[in-house]
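Biologist: I'm new to this one, so could you take me through a single part of it up close? Pick a helix, start there, and then show me how the rest fits around it.

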Amino acid sequence: MVTADLPGPDSLLRRTLGEWRIGLVAWRLLVLQTADPAVAAGMANFSTYRAHPWRRIEHTMDSGKRLFFSDREGLRREVARLERTHRRLAGTDEQGRPYTALDPAVRVWVLVTLYECMTAMRELSGRPLAPHELDQMYAEFRTVCAEFGLPDDLFPATAADVPAYMDRTIRSRLEYGEPVRYLLFDMLREAPAPRRLGHLTPAWPLLRTVAAHVIGALTIADLPEAFRERFGLPRTRRAALLSFSLHRGMRVLMNALPEHRRYRTPLAGIPSTPQPPSDRPSPPEPSVVRLPAPRRRKSADARPARLQTFFQQVLDQTGDGRIGSADLQAMAHNVCWPLELPPEREASVYAAFETWWQHLRTSMDADGDGQVTCEEFVTAMLTGIDAGSAYLEQGLHVAVRAIFHAADTDGSGHLCADEYRTIFGGSRVHPAELNHGFRQLDHDGDGRITEDEFVRAFTEYFTARTDNTAGSQLLGRP
């Protein structure tokens, strides 16, 4: 069988998806996808969108780039990675219905909504695609989707069949559950400041209130009519005017910009192989290992406050005040994501975090509900630490060693400064603090951190009663 060429730099698909104004329909896309019961259940049980919304959105955008702006090698690698991730997302929803993220019908819905949102963006801007352009872009879109190996009969046969598919699915399968309501009305009102907000960070409480109102009104105004009718979401005149102004204004602005400013992703695409870390001062998207070092009185035992902060900022990935298997899976995912590990190395990271979770569960779940609260975590951790070094070796050290080997991308047996930044870097950490933390762990000053030094740092972070040890300074000065 002849494989069709993937969309190239001049393709209508890349030119539409790559424009900055695609962000105007991004929330609309999330709402449509989340209204599928299986997607909603997966988000409720596994997703980190409540505790880490910007990281979750950025991961989604990065995945889209890898799918639609890569060559075939990069596309196939991303499809395989998504399948490994989604294979872990299965269970039973609140109504007792089984679900799996690998359900072909669900995966087709998630894909087709992306295409539909691209056409909606053009239509809302006052310059809808002509029928032949819709056919062209849908053919390009289906070429990418073919790599997922999904049944052809689940997709709309042609671009002209997409509206009927959307209407039918909205009316027969979608539900207006808590995750959808949260996306529309509460998520942005509770979201922490996004990274790179810079000097505007202090104004974020006010900015997010305005952003929540604008994005919520815009999204409701832009949703398909069938969706608004079914779930009672009226399109007010004010929201309609907002949609008209934003979409048409952005169209005019984009058309006035030079091409290199118009697109958020280069039309030429992204490299097919992961690039080595650079020496740029801005660190990459943080992995899960972001160890805070709170200030406190020097005479006090630093461990309880440090453990509580670790629980809240690192362990509780789903943001519900408790940790379970899903939180540890999310941590493993965030370790693997920026590294683009091969399947066998990725599996070893997940296995290590599952070992850590089983250790946490058996030693901390005092009430036997299958989850661990912050109080249970702090109490059990202090008791276990005081009992001896074996306590950390049975759980934490297993995960820490897996992180080290995953981050050691060149297999040298050491972490260089760039590899250290990949693990610990983030928007809340200044590069100078990262450099300070690296020097603290690099005891012999040779510019490398050994596995023993790495494990020792984590041990000190959990066991040191003061904040003046190297391990307590994993992210810099306390």
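**A close look at helix H23**

Modeller: Let's start with the side of H23 that is tucked away: its buried residues are Glu451, Glu453, Phe454, Val455, Ala457, Phe458, Tyr461 and Phe462. Keep in mind that this is a predicted model. The helix itself covers residues 451-463, so it has 13 residues, and from first C-alpha to last it reaches 18 Å, close to the 18 Å expected at 1.5 Å a residue. Here's a handy rule for reading a list like that: an α-helix has 3.6 residues a turn, so residues three or four places apart point the same way.

Now step back to the whole chain. H23 belongs to a set of 23 helices, alongside 6 strands. Of the 478 residues, 50% count as buried. The accessible surface comes to about 22,100 Å², and carbon and sulfur atoms hold 55% of it. As for how the chain folds back on itself, take the contacts with a separation of 6 or more: 71% of them are between residues 24 or more positions apart.

Charged pairs are a good next stop, as the whole structure has 26 salt bridges. One of them joins the side chains of Glu19 and Arg262, at 2.9 Å from N to O. Glu19 sits in the loop between helix H1 (12-17) and helix H2 (26-34), while Arg262 is in helix H14 (residues 259-262), so this pair ties together parts that are 243 residues apart in sequence. Both partners, Glu19 and Arg262, are buried.

For a local pair, look at Glu78 and Arg81, whose closest N and O atoms are 2.6 Å apart in a salt bridge. These two share helix H5 (residues 72-87) and lie 3 residues apart, about one turn of the helix. Glu78 and Arg81 are both buried as well.

Arg97 and Asp93 make another salt bridge, this time at 2.8 Å from N to O. Here the partners differ in cover: Arg97 is partly exposed, with a relative accessible area of 30%, whereas Asp93 is buried at 14%. There is also a network of salt bridges that links Asp301, Arg303, Asp386 and Arg465.

Then there's Glu376, in helix H18 (residues 374-387). Glu376 is buried yet has no salt bridge, and the nearest side chain of opposite charge, Arg322, is 8.6 Å away. What does Glu376 touch, leaving out residues up to four places away in sequence? The answer is Met364, Asp365, Ala366, Asp367 and Gln371.

Compare that with an uncharged side chain, Ser243, which you'll find in helix H13 (residues 237-256). Ser243 counts as buried because its relative accessible area is 1%, and the cut-off for buried is under 20%. With residues up to four places away in sequence left out, Ser243 touches Leu124, Leu218, Ala221, Asp222 and Arg235.

One last thing, about trust. The chain averages a pLDDT of 85, and 88% of the residues score at least 70. Residues 275-294 are another matter: pLDDT stays under 50 there, although the model has 63 contacts beyond four places in sequence for this stretch. Where pLDDT is low, the predicted coordinates should not be read in detail.

Conventions: Residues numbered from 1 in each chain as written. Predicted model: local features only at pLDDT ≥ 70, side-chain atom pairs only at ≥ 80, totals over all residues. Heavy atoms only, no water. Helix = DSSP H or I, 4+ residues; strand = E, 2+ residues; numbered from the N terminus. Buried < 20%, exposed > 50% of the residue type's maximum accessible area, 1.4 Å probe, protein only. Contact = heavy atoms within 4.5 Å. Areas by Shrake-Rupley, 256 points an atom, 1.4 Å probe, with all protein chains shown as cover. Lys, Arg positive; Asp, Glu negative; His and termini not counted. Salt bridge = Lys/Arg side-chain N within 4 Å of Asp/Glu carboxyl O. pLDDT = per-residue confidence, 0-100. Expected span 1.5 Å × (residues − 1).
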